[in-house]
Structure formats: structure tokens, C-alpha cells
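Biologist: Please walk me through some helix labels. I want each one set against its cut-off.

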Amino acid sequence: MTGNALVQLALFAAVLIGLGLPLGSYLARVLSGERTLLAPLTTPIEKLLLRIAHVEPTDEMTWQRYATALLLFSGAGFIAVFLLQVAQARLPLNPDHLTGVGAVLAFNTAISFVTNTNWQSYAGESTLSYLVQMVGLGVQNFVSAAAGIAVMAALLRGFARHSSSTIGNFWTDLVRVTVHVLLPLSVVLAVLLASQGVVQSFSGAVAATTLADHAHATQHIALGPVASQEAIKQLGTNGGGFFNVNSAHPFENPTPLSNFLEVVAILLIPVACCFTFGRMVRDRRQGWALFAAMAILLAGAIVVTLTAEQRGTPALAAAGATGPADAGQPGGNMEGKEVRFGITNSALWAVATTAASNGSVNAMHDSFTPVGGLAPMALIQLGEVVFGGVGSGLYGMLLFALVTVFVAGLMVGRTPEYLGKKIEAFEMKMVMVAILAPALAVLAGTALGAALSAGRAGIFNGGAHGFSEVLYAFSSASNNNGSAFAGLSVNTTFYNLLLGLAMFAGRFLVAIPVLAIAGSLAGKTLVPASAGTLPTHGPLFVAMLLATIVLVGALTFVPALALGPIVEQIQLVGQGVIR
Amino acid sequence: MNTHRAPAKLFDPALMGTAVLEAFKKLHPRTQLRNPVMFTVWVGSVFVTILAIAALAGHSDAPTGFTVAIAIWLWFTLLFANFAEAMAEGRGRAQAAALRRTRSEAMARHLPNPADRLTVRAIPASALRKGDVVVIAADELVPGDGEVIEGVASVDESAVTGESAPVIRESGGDRSAVTGGTRVLSDWLIVRITVDPGESFLDRMIGLIEAAKRQKTPNEIALGILLAALTIVFLMVVVTLRPFSEFAVHVSGQGKPVSLTVLVALLVCLIPTTIGALLSAIGIAGMDRMLRKNVVARSGRAVEAAGDVDVLLLDKTGTITIGNRQATAFIPAPGVAESELAESARLASLADETPEGRSIVTLAHERLGTAAPSLDGVTAIPFSATTRMSGVDIGTRTIRKGAADSVERFVISLGGQLSDAVHAAVAEIARSGGTPLVVAEGARVLGVVRLKDIVKGGIRERFDELRRMGIKTVMITGDNPLTAAAIAAEAGVDDYLAEATPERKLALIREYQAGGRLVAMTGDGTNDAPALAQADVAVAMQSGTQAAREAGNLIDLDSDPTKLIEIVETGKQMLITRGALTTFSLANDVAKYFAIIPAAFAATYPALDRLDVMHLASPTSAVLSAVIFNALIIVVLIPLALRGVAWRPASAAALLRRNLLVYGLGGLVAPFAGIKLIDLALVALHLS
């Protein structure tokens, strides 16, 4: 790693924690219904929205009601986004006269945005009208993120409450998070991004005459309401770019400063959620422990990807395409990376966007070295718990904490307990469903993709790399990440349907069990801590939590990874050539 | 009965013989179905056996010898698991049988034909059934609840009612009911038993050590879910590996897809067979260890709950202090020599056969150094409820000892009085947790004997250990708060309940439970029954009343209240053993991957041999070694499962650190060495 890289990473970490801490407290206040600094501005909007929806904010829900509300809301969102796409040709705000989207693609896209995955089988600027982007996807960018945080809030209440049959009100949580947190943050970030040159326009594409081939070739330069979309795309760990090349596009991410702001925005709310957790369970050390576990995995992945990319490959070296980093050159493997971001910011982004289930990219992961691409894929396969999606990352991590506590609890000779709640058969059952569902979706989907001709047809690259592409696609969809490895033609009926189902499983087969756990925990009594209680805030617990996450992830995916990136890397290094 | 049986040899040859036979019997799929992990192995074994038969018939999917070897070792994996369970059952059964033989159960004199009073059969009280008629003579226990059909007798019902005065029981009218466990003091009764005795506890206990009848405990169920889930994950990993490898063959253009034999081998190696195989044995062995301590559990749940206990309610007498008070000092009145007080106190106690009386004699002997005088010419005045004093009359000398107020009344009636110094001494003793006994000869007060509760040796350390484990100890006593506080401080308990009544005990338990704590207690009297029923872990003394025994969920055959602490430890040990072996089992998988993955894809991606860090001889030897290791580790760990992991009381953090190091890190490293050794052995034996 270069000195320059270290300075950038240190600055990144400092800003992230510096902003995450206060935001975490703020989010906790919002979720607890306490008055906040922004209340004069935001509370009237909240009250208005809840009144329109006929929601009584204090109407507490059981977990079953909460889950039903989540499903109804997501179902409605799915139908809305689907219909908007299919009918876009007949709807306004379509200056480029794009035709209606096919049913299968519309299905995939609707699920993708409702589940906060934002996998994109389509090319944004040439497929979707401004109306679909704003009213369909833009709205889901906000509310799918808010729904994730709502589920987290319910789980945290499950821990914090005792002998209670309810876990909060879904509608209230949804509105509060959107109005008090996501909207204000997005406004600030959108303005900052616009200041850097991110476009914000309702005009259609601009036709420009280029000098290419000395002919008067015409290039259509796409525009749109990008800055506003971009802000929530990053903050809500959505990641669906306005343009097809996502944040590598100069109108989405023009400058190093916009890049820095966006990569901070990717991790900001997930980091804050750790601290929200600590506050809501009234033991901040618990929040720091989960933060530490996530940060260690994140740092490890950054080091792996950064060094792999900086080192480049023997083939690139042989071609004279890599050299040492110096003031004028980034060195390393620059294939598929933007020159304005270089190695460090591309690697950092790749790790951040896969750690958080964001999925936006500023470089093409397909062009990373095998190990450089392995770390992002592994982060996804761990279940999007290294900060992960807004809300969903934390509740995913808490699932692993429950597994850890269960095994560790037995080892200290007590019925396992976490945060004063006994972890029993029901919780274990739900935890296992939630951890298994995405993992099984990845394996089953990849197996179908590799076995069926419809799946093989979409694979662009030969050798083990082609396998990596399929594995990455299903890992991304099943864990609601949404980033793509590229190199795989996914806009086919086969992939659109299968990946759509994977996204559904990855979202709701986790969220529903989590709500069930929340309900069950809320009803339990609090066991006071004693010397016989397993401490869950120390380095020992963090280490064991890390071991559990890595072991579960590794045991599930090592055979698949061995046939993809691992064998690729060995072949690459061992034989000095790519394939 | 108060001695613990020496732990039987772990591998008793006779037991092993039966266990081997049982291991084969347990291969029945219905038996295997109880355990999802082992059932998966069973299905795999059947599958590979079919592959092996097909291979022998010429349709091979992998080298024939290899497939046959894998099939054999998969069956061994199952047999080893069955053997572990059968061993645990066998040991438990042997233990129960031994208990049955040695237990001196209360006997009843049964009249097979009530009309014929001459034919009397002695049968165990537990064998009595409703309608049986028994005869009970003086000094015998009433064998069960019943109705007097003939005779009149005085009966001591203090064990049930707490009232020490005997009551009259006779046939007819409302005084005809007798209660089991009470004692006939005089005369005789003929009683018709009116209730069936509950199932004998031992019979119930045997149900807990038979795998087929055993109900799984809550933590075992939760762990079972985890293990089943892991099995599903690995099943999926293995099932999807076939298309993955077909794709790999397709794109690399070399090798063959992974054989089905290797896939099953991989599956069996990955699923948590180690803990899956031993889970049931651990549970049974936990019950067995209880039984070995002469504790009969009425459910597995109770044993497990014992590990979770946060608060121990301990009766002062018998648990914290040795049964009785002992004389520890003579405090003479002004103008009286200590020797004179000691001499008189000894005389006053000569005829007193209570432990307190004897302790005064012993103390006086120590102080005076002379032998006690003979009892010739001495008239013993026994303790009576009216005078509340005891003593002797020797000629004209009247020597008395008793509580301060009784003796004061006595001396005042003779014209004497208690001096201020004596009053002060009495007060001082009471304040420090002792009981003062004033000694007087006629009207002259000689001084005070201090009786004191003697705290059991080592009990303080025991409580310190419990505290380190996060368990709070609460002393329950009928003493006044002053005395209770002094003893509590001396014994090092965390808290005490003085002037305890059954109601206050019950209230205390409820209070702790409302705070989310699990409470354990011991009890023997009928008045303990409500508290026992309320407590999460209730140990009833075998010597206690039927009501207490019914309310408890554990019965201590030794009636030793200290046992509660051992029960908690056994409960913890059972959980720790499960957790440790689960961790070990999971950590093992890492090495197995390193052995099998490169071997499975050796032909397709030779480059993957870089992952073969163990440098195993050949792909087939690698897979076979992993399978053999997986089977043998079960056998190696059987003793651990049966004995429980070594355990010392410590804080949760310290325990976790230690167990993580031993079973986590150990589990990570051990199979690398084990698989390599097996591989070397296979090569040396030309088996691979």
C-alpha cells in the first residue's frame, strides 16, 4: 500500500466515524419517537403523512402485524414500479420517448428496487423514463431503505423491551426514518454533489456532433435528475445508478471530492446503525463491539483488494502495462478503472459498496485481479453483514451474534443469552432460516446458471472466470447487494426471473424471521447480567463473532470459490498468464 | 448410602460387549431418524453401498476399491455414534440397577389377606397399591397415605405438620387418616392404603437414560436446530458442487465431474457428525453423573436448568453450618472461676444427650482436663417445655442450664438475680450470632456458656467459587436477624433471609424470579413444598416428606443439602460439553476442506493442488483419510462425552477463553495432523 493510500483511508475512517456517531444517536432518537434538532422542520411533515395514511403513531403492533405491514407495503411498491415501467411510453416525463419495458425485465427491476438490492438488468439511461426513475425507483430508493431500518428498529425494540407483545408500528417507523433521516441527508448530499458537477436536469439527452473518424457522428449525451437520485442511491445502500456505468460515469461522480462524499455516504447509515443499536439497548459498548467486528472485516478486505490491485498481474507486467505508483501514475491494475479515481479509490469503493449492500460501482469489478475481486465477492457472500444494507446489515450481523452467543453460551455452561434475553429453540430456528435462505439461493441459483444452457448462454468469459461471473451475480442478488461483476448477459428471461426470486428470498426470508425473533425476544423477561453471563462487548466476543461469520461463510462458499476466483488466481500467478 | 460410588471404569468390558451389539441394532432407520445429522449419514452410507455394489458389478463411478472403502467407513461412522449412545445408556442402566440393589427402601408389612392377621409379608413401601392393607407397629413409619381400619395409636406427624406433639389416630371418625412418612409412636394400627404411590423415581430416572424414551432438553432442541441447519447448508453445498464441477469440466476441457462417492464423503465429513454422534450420549451421561451423585432427576430439563441457576437458597442448618450448635466458650460470672463454671456446666449436661449437651461436656473436658464424674447419685432433670431448662440434682445441689430468661426466673424464685455482667455477656453472645446458655446452681448464677453455629469447613471457598460463576447464595434461617447476619458474614454468603417462614421463602423466590433470575433451593418439610414447587430447580431430600418430594424436580437420595452446589456444577458441565464439541466439530471442517477440495478437482483443475497443504499421497487417499478421521474422532471423544469436559468454576469470560482455545483452536489444528497421519498409515499399509 502506498503512503497516499494510507492517508486517504485514514481520512475516510475518521470522517465516517465522526459523522456516524452523531447520526447513530440521532437515528436512535428518531426511532424512539424523541424530539430531535430537526423537529421543527420535519415533524410537521411526519404528522401530515401519518394523518393522511390514518396511522395512529402509538398503535403498537405484534410482530405478525408488523411483518404483514412490511409485506403489504413492499407488495404495493412492487406493483407500482412494475406498472410504471410497463406503461412508461404512455406516461409523462419521457423526453427520449422510450418504449415500455418488457414484463420479465420489469419484474426483475421492480423486485430489485423493492428489496433494496438495486440490481440492474437494464441500462438506466436508455431503458427507463425520468418518471420511472423518479416516481418508481427514486421513491423505492427511499422507502426500501426506510423499511430495512424499520425492521432493524423492531428487532432492537425486541431486545430492549421485556414482557411485551409488541415491537412498534411499521408505518410510523417507515415515515419517521424517511422524513427525519433519509430526506434531510439526501438534500444535503444532493446539493454537495451538484456543486461538484453532478447533473440535475429534466431535459432529454443532448445530441453532440463528435470529431470521431472525421465524420459528423452524433453522440447522445444523456442527462436527467441525477444528483437527487445519486444522493439517496448511496445513502440508502441502493446503488442503482442513473446511468448504466453507475458511479464511473462523469455525470454521476465527476471529481475526487464527489467520489469521497459518495463513498462516505455508502457506509454512513450502516455505520450509524451500530451506534443506534448501542443506544437503543442502553449499552453503547454492544454497539462498539459490532462496529469493531464489521470494521475489522472491512479493513481486511480493503487491504486484500488494494494490495492485489496495486500489485497488478504478471500478464499486465509482461505487457508493460503496470509500473510502480508515482506522482504521475497510479501503477497497478488500471484495467476497468477510471483514471480520476485510481487504484485506491477504486479498491476502497469496491470494498465499501460490497460491504454495505450498496452495489454502485466506480470501476468494473470484472476487471479486478482474481483476489482483488474475491474480497468484494466474499463480503457479499458473508451475508451483507459487514455494515451491510441500511438496517439490514445490522440485523444480519445480530443474527450472527445470536449464533455466536448460542455456541459460546453453551461453552460457559448456561442457556445462551444475548443482551439479557435467553436464546432458545424458536430464536435458533428463525436465525437459521434467515442465515440459510440467502446462502441457499446463491448456491441453487449458481448451480442452475452453470448447469442449464439458458444460464451458460449468458456467460461471456471462458474458464473459471465465467463461473465467477455467475457466482457473483447470484451472490449479489441473493444478498441484496446489487453490484454486478459484468461479463454476464443478465437481461434474459432466465436470469431476470431467477435473480428476481433470489432477491426476494434474500430480503423477505431474512426480514420476516428477524421480525419473528423480535416478537419472541420482546415477550421475554430480562435476565440480569452476572459474572456467569457471557460478556458480549469484549475483544473475545468480537473475535468469536468474526470466527463464526468467516467460518459460516467459508464453509458454505469455499467449494464454489475454489472453482472460481481461487483457481483463477492460482492459475494466474502460477502460470504467469491469464487463462 | 452417604458415600458416592467410585466412578465405574469407563470402558467396562461387559458393558462394551452389550454396547457393540446395541450399536448394530441401532442401525435401524427408525432409530436413526431421531437424529437428523446421523440420519443423513445413514442415507449416505446406503447410497455409497449401492454405488459400491454397482462398482463391483462393473458400473463404477469412482475406483472400485475406493468406493468400497468409503462405504465401509461410513457404516463405521454410524456404528461409532451408536456405540457412544449405547455406552452411555449401558452405564446409566448399570448405575440405576446398582442403586436399586443397595437402596434400603422403607419396608411395609403387608397383610395379603386382611382377615388373616398371622400372614404378614414384608414388601417395599413403593410396591403398595391402593387398597392394600398394612400393619404398622410402634416406631415404624407409615408407608403411605391411608385410612385406619383398626387400632388406636399415637402418631408423630411433625414431619408433615411441623407440630411436635403426637396426635391420636384411630379407626372411624375424622381421626382415621394417616399420612405417609409419619411415625407411629405407640401401639399399632391396621391401615388400608388409599393412594397408589407415584411411579418410583428410579423408574422415572431410567426413562431419562434410555435414548428412545428420553425427552430432549430445551437447549438440546435448540442445538439440534443449529445442527440440522448446518446439515442442510452442507447438503446444498454438496448437491450444487456436482453441476459446478460439470461446468468446470466443460470450460476447462479436462478431467471428470466429481464422483458421487466423493460428494457423499465430503458431505459426511462436513456435517457436524462429531457432535451429532455424541449429542445423545452427552445428555444421557449427564443424567448418569447425577445418579452417580445419588441425585435422581425427574426430568432432563431440571438438570439443564441447574446450569442456569442464578440464585441458590441454602438452608443454614446442615448446609452452611454443621447440624447443631456447639459450645465454644465459658464466660464466668464475676467472682466465679472458669473451672467452676465449666465443672457445673458439665454436671448439668451429663444427662443431656442432645448434641449441644454433649458439646458442653466435650468443651469442659478440654478446659478441665479431668474425666467427667460418674452419674451415681445424680438425678437428671430433663428439658421440659414449661421450665425450658435442664440440669441435675445431686443431693441438695440443683444445677440448671437454660435460656437467660428461664434461668433468671429460676434464680429469682430462689432469691437470686442475674448480675449486669451476666446480662452483658448474654447480649454480647446473641449479637455475635451465638446462643447463650446461662448456668446456675441454686440461686447463684455461675456464668454463661456460648453455643455457636459452626460454619462448615471450606464452605466459604465454595461460595466464593459460586460468586465467580455469577451465582448468588442466600442463607435461609429461622434465626433472628442479628444471629443470621453474623453467621452470614462468617460463611460468606451474599444475602440471608432471617426469621424465615414458608411464606417469606416463597415470596423471596418470587421476587428473584420477577427479576429474571433462576432460583434453586433444597427442602424437606411439607411446609417447604410451595417454595419447592415455585423454585426453578428444587432439590427435595429423600428423607423429606412425600409432599416435598412431589414438589421437587430432583431428589437427593443422600439428603445432603450441600448437594445443590454439585447439581449446579453437573448441569453446567453438561452444557459446556455440548458447546465444546459443537465448536470442535465445526472447526474440524476447515482441515477437511483442505483435504477434499483439491482431491475432488485434481483432474479438472490441477492448479488447486496448491491448497493441499497436507501434501496427501493421492486424491483417493486424501478423501479416505478425511472420512476415516471423521469416524475415528467420534471414538476418541466418547470418553469426553461420557465424563464431561474438565471444568473448574470460573467466570464466563475465563471459561470461554479456555474452551475456545482448547476446542476451537484444537479443533482447527487437530484434524490437519490426524488426516496426515491416517494418510501416512494408508500409504504404509498400501491401502491407498
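Modeller: A few helices and two packed pairs follow. This is a predicted model, where local features need pLDDT of at least 70, side-chain atom pairs count only at pLDDT 80 or more, and totals for chains, interfaces and linings use all residues. Residues are numbered from 1 along each chain, chains are lettered from A and ligands numbered from 1 in written order, and side-chain values use heavy atoms, without hydrogens and water.

Biologist: How do you know that the span of α14(A) agrees with its 20 residues?

Modeller: The expected span is 1.5 Å times one less than the number of residues. For residues 392-411 that gives 28 Å, and the end C-alpha atoms are 29 Å apart, so the two agree.

Biologist: What makes α14(A) mostly covered?

Modeller: Buried means under 20% relative accessible area (1.4 Å probe, protein chains only). In α14(A), 20 of its 20 residues are buried. Just after α14(A), G413(A) takes a positive phi of about 80 degrees.

Biologist: Why are α4(A) and α18(A) called roughly parallel?

Modeller: Angles under 35 degrees count as roughly parallel. α4(A) and α18(A) pack at about 20 degrees, with axes 9 Å apart. They are therefore roughly parallel. By class, their contact has 11 nonpolar, 5 polar and 1 charged residues.

Biologist: Why is α8(B) called roughly antiparallel to α21(B)?

Modeller: The cut-off for roughly antiparallel is over 145 degrees. α8(B) and α21(B) pack at about 170 degrees, with axes 10 Å apart. So α8(B) is roughly antiparallel to α21(B). Their contact has 7 nonpolar, no polar and 2 charged residues.

Key. Helices (H or I, at least four residues) and strands (E, at least two) are DSSP runs, numbered from the N terminus. Buried means under 20% relative accessible area, exposed over 50%, partly exposed in between (1.4 Å probe, protein chains only). Axes are lines fitted to C-alpha atoms, for helices over the stretch in contact, and angles run from 0 to 180 degrees between N-to-C directions. Angles under 35 degrees count as roughly parallel, over 145 as roughly antiparallel, 65 to 115 as roughly perpendicular and the rest as oblique. Ala, Val, Leu, Ile, Met, Phe, Trp, Tyr, Cys and Pro count as nonpolar, Asp, Glu, Lys and Arg as charged, and the others, Gly among them, as polar.
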